[in-house]
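Ready for a walk through a fold? Open your viewer, switch to a cartoon view and keep the selection box handy.

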Amino acid sequence: MSIERTDLSAVLQRTTLLSSLTPAEIQLLAARTVRKQLDNGELLFSEGEICHGLHIIARGKVRIFKTSLGGREQVLAVNNPGECVAELPVFDGGPYPASAMAIEDTEIAFISRRDFQAYCIEHPQVALKVLAVVGGRLRRLVGIIEELSFTTIRQRLISALLRLAESEGKETDRGIEFQLPASHQELASQLGTVRELISRNLMRLQAEGLLDVDSRQIVVKDMKGLSALLIPTP
């Protein structure tokens, strides 16, 4: 894997959990930090493995997911540079509750459980930030449960398309154009379904005149019409 090595001190300083530490404290922690290089598609850890420390993404992206006995995946999060991966097991001593995989060439800064716990004891503000991050992740997981429990696949797909149109879309003479950030299979894993249903619902929305679909390229032709499909009928 051809990936340029990053400055570990700079990586730690940019991480929300550690941003309150002084440069000298960051240097000391960086001296105890180890690099891990992952290829696209390589597992960082698997669900059920014992946690040995904290992983911070220096470069690349990591997908957090659970797999059912039947082999279906549910994506819980996609973490980006500067974010930590699976903080909770560092403190409770339990196994990883989900699996993590690099979805592009990735570099990880790894701090052992013992070193990170010692830093939290010496710097209580770090422990408080860990609680804030864990709380944010819990809120997102509750949101995922709520969405999977109370909405249809069609509604979840429409919500995802609207979010992408607002965040990534470009105005063109055809409508709001953007590219899906992942394959239909990956999108299905994020929305708690299978690829065939994603493709079928995209084609249905296209037949209704709301979208143009060309593989991962999407054009939303009628934002108001698409949004209206999320409004429950009385």
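Two strands count as paired when DSSP finds at least two bridges between them. Keep that cut-off in mind, and remember as you go that this is a predicted model.

**Stop 1: a pair of strands.** Select β3 (residues 53-59) together with β6 (84-85). These strands pair in the antiparallel sense, over 2 bridges. Now show side chains: opposite H55 you will find V85 in β6.

**Stop 2: the open sheet.** Widen the selection to the 4 strands of this sheet, which are ordered β1-β8-β3-β6 with antiparallel pairing. Which strands stand at the edges? They are β1 (33-38) and β6, and each has a single partner strand, so one side of each lacks a neighbour in the sheet. While the side chains are on, a general point helps: in a regular strand they alternate between the two faces of the sheet.

**Stop 3: V85 and the core.** Centre on V85. Apart from neighbours within four places in sequence, its contacts are L44, F45, L54, H55, I57, I64, N79 and A100. V85 also belongs to the largest nonpolar core, which has 35 residues; along with L12, L18, I56 and F116, V85 touches the most other members. Strand β3 supplies the largest share of this core, with 4 residues. For a second, separate core, of 22 residues, select L187, I198, L210 and L211, which are among its members.

**Stop 4: two helices.** Next, pick α4 (residues 113-122) and α5 (residues 124-150), whose axes are 5 Å apart and meet at an angle of about 110°. Angles of 65 to 115 degrees count as roughly perpendicular, and α4 and α5 are therefore described that way. On the α4 side, the contact uses F116, C120, I121 and E122, while α5 brings P124, V126, A127 and V130. By type, these residues are 7 nonpolar, 1 charged and no polar. Before you leave α4, bring back β3 and β8 (106-112): the helix lies across both, running at about 65° to β8.

**Stop 5: a hairpin and its other partner.** Finally, select β4 (residues 62-67) and β5 (residues 73-79), antiparallel strands joined by 6 bridges. K66 stands opposite Q74 in β5. The two strands form a hairpin with 5 residues between them, and in the turn G71 has a positive phi of about 95°. Then add β7 (residues 99-102), which runs antiparallel to β4 and is joined to that strand by 4 bridges. To find one of these links, select V62 and its bridge partner in β7, A102.

Methods. Residues numbered from 1 in each chain as written. Predicted model: local features only at pLDDT ≥ 70, side-chain atom pairs only at ≥ 80, totals over all residues. Heavy atoms only, no water. Core = buried A, V, L, I, M, F, W, Y, C linked by side-chain atoms within 4.5 Å. Buried < 20%, exposed > 50% of the residue type's maximum accessible area, 1.4 Å probe, protein only. Contact = heavy atoms within 4.5 Å. Axes fitted to C-alpha atoms, helices over the stretch in contact; angles between N-to-C directions. Parallel < 35°, antiparallel > 145°, perpendicular 65-115°, else oblique. Nonpolar A, V, L, I, M, F, W, Y, C, P; charged D, E, K, R; others polar.
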